[in-house]
2 protein chains.
Amino acid sequence: MSIPPFKLNGRIWLEIDEEKVLGHGRVELLERIHESGSIRQAALQMKMSYKQAWDLVNHINNGFKQPLVISKRGGKGGGIALLTPFGQEVIGEFKELQQKFFRFLDENGKK
Amino acid sequence: MSIPPFKLNGRIWLEIDEEKVLGHGRVELLERIHESGSIRQAALQMKMSYKQAWDLVNHINNGFKQPLVISKRGGKGGGIALLTPFGQEVIGEFKELQQKFFRFLDENGKK
DNA sequence: TTGCGTTATACTTTTCAAAACATAACGAAA
DNA sequence: TTTCGTTATGTTTTGAAAAGTATAACGCAA
């Protein structure tokens, strides 16, 4: 084709009631929470404020009918957060979709 | 699969130098310019200000090496805007990509 | 040569989401 | 029973993008 050097890019996400509930950035946040056991640590890693991260988690949990993240405050280490099995399942499926989508972009992007 | 009612949605766009240069909304604007021969009319149809539409057109034209839209002021009707053949080609190809992408979303979205 | 409707562009104001700030609640461990 | 680091949440500030305002330039047609 004759069109100059461009790159095809894009994003996918899950919606519930027309509202974006899970996408690229949020999944990364959830993964980091899962690995670190901490919302704060995950937020630091992603260079966002704790508040922002917490708001996102809260929004995600409210979007789905069951929580993807459960958390506790106080105690050893000050508190803890972790993914529920349901949460793990959801992000697993989303990442599969993402893989397929990346393949789509590659196959259709400019050569 | 066991995940509750969600909808897979997404967007694709073309980038030049890491910068978004053509996507869903802009293509619609270009199409309407093409049909109406007028930036103003296209803007009205899409409920945006003339300024916003013009800025977008300007940005698009600068992104690509050749303009997709050419326009003139003055004369009968006050002025005119139209797609170059290059512009028509670009939006044609983009719309094909979009079709494929919609198919992708359908095939992978929640049943 | 004036009026008209559009393109073109600069400047100002508004809006609203993101960031920053503040503070309470919690429970293990010392 | 105090300290500590985290979760939880409300309030305030900021800044950038969007919208709005203003005005010039243009050329056909009457």
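**Exercise 1. Pairing across the two chains**

Which residue is the bridge partner of A:I12 in β1(B)? Work it out, keeping in mind that this is a predicted model, and then describe how the two chains meet.

*Solution.*
- Step 1: Start from A:I12 and look across to β1(B), where its bridge partner is B:G10.
- Step 2: Now follow both strands. β1(A) and β1(B) run antiparallel, joined by nine bridges.
- Step 3: Widen the view to the whole contact between the chains, where 22 residues of chain A are in contact with 23 residues of chain B. On the chain A side, β1 and α4 (85–108) are the elements that give two or more residues.
- Step 4: Of these, β1(A) supplies the largest share, 10 residues. By class, the chain A side divides into 13 nonpolar, three polar and six charged residues.

**Exercise 2. The two faces of a helix**

Take α3(B) and find its buried residues. Then decide how they are arranged around the helix.

*Solution.*
- Step 1: Check the length. The helix has 14 residues, and at 1.5 Å a residue it should span 20 Å; its end C-alpha atoms are 20 Å apart, so the two values agree.
- Step 2: List the buried residues, which are B:A53, B:V57 and B:I60.
- Step 3: Look down the axis of α3(B). The buried residues fall within an arc of 65°, so they line one face of the helix.
- Step 4: Recall a handy rule. An α-helix has 3.6 residues a turn, so residues three or four places apart point the same way.
- Step 5: Turn to the face away from the buried side, and you meet the exposed residues B:K51, B:Q52, B:D55 and B:N62.
- Step 6: Finally, ask what the buried residues pack against. In chain B, their partners are β2 (19–23), α1 (24–36), α2 (39–45) and β3 (69–73).

**Exercise 3. Around DNA strand D**

How many residues surround DNA strand D, and which are the closest?

*Solution.*
- Step 1: Count the residues: 22 surround the strand. The closest are A:R40, A:R73, A:G78, A:G79 and B:G74.
- Step 2: Assign elements. Those giving two or more residues to this surface are α2 (39–45), α3 (50–63), β3 (69–73) and β4 (79–83) of chain A, along with α3 (50–63) of chain B.
- Step 3: Find the main contributor. With three residues, α3(A) gives the most to this surface.
- Step 4: Sort by class, and you get five nonpolar, 11 polar and six charged residues.

**Exercise 4. Two positive phi angles**

Where do A:E18 and B:K47 lie, and are they buried or exposed?

*Solution.*
- Step 1: Begin with a general expectation. Most residues other than glycine have a negative phi.
- Step 2: Compare A:E18, whose phi is near 65°, a positive value in a residue other than glycine. A:E18 sits in the loop between β1 (7–16) and β2 (19–23) of chain A. A residue with 12 or fewer other C-beta atoms within 10 Å is exposed; A:E18 has 7, so it is exposed.
- Step 3: Do likewise for B:K47, which is not a glycine but has a positive phi of about 55°. Its place is the loop between α2 and α3 of chain B. B:K47 counts as exposed because it has 6 C-beta neighbours inside 10 Å.

**Exercise 5. Far along the chain**

What distance separates the C-alpha atoms of B:K7 and B:G109?

*Solution.*
- Step 1: Locate B:K7 in strand β1 (residues 7–16) of chain B.
- Step 2: Read off the separation. The two C-alpha atoms are 6.1 Å apart, although the residues are 102 residues apart along the chain.
- Step 3: Add the surroundings: B:K7 has 15 other C-beta atoms within 10 Å, so it is partly exposed.

Terms used:
Residues numbered from 1 in each chain as written. Chains lettered and ligands numbered in written order. Predicted model: local features only at pLDDT ≥ 70, side-chain atom pairs only at ≥ 80, totals over all residues. Near = placed C-beta within 6 Å. Helix = DSSP H or I, 4+ residues; strand = E, 2+ residues; numbered from the N terminus. Nonpolar A, V, L, I, M, F, W, Y, C, P; charged D, E, K, R; others polar. Expected span 1.5 Å × (residues − 1). Buried ≥ 20, exposed ≤ 12 C-beta atoms within 10 Å, placed from the backbone. Arc of directions from axis to C-beta. Contact = placed C-beta atoms within 7 Å. Pairing = 2+ DSSP bridges.
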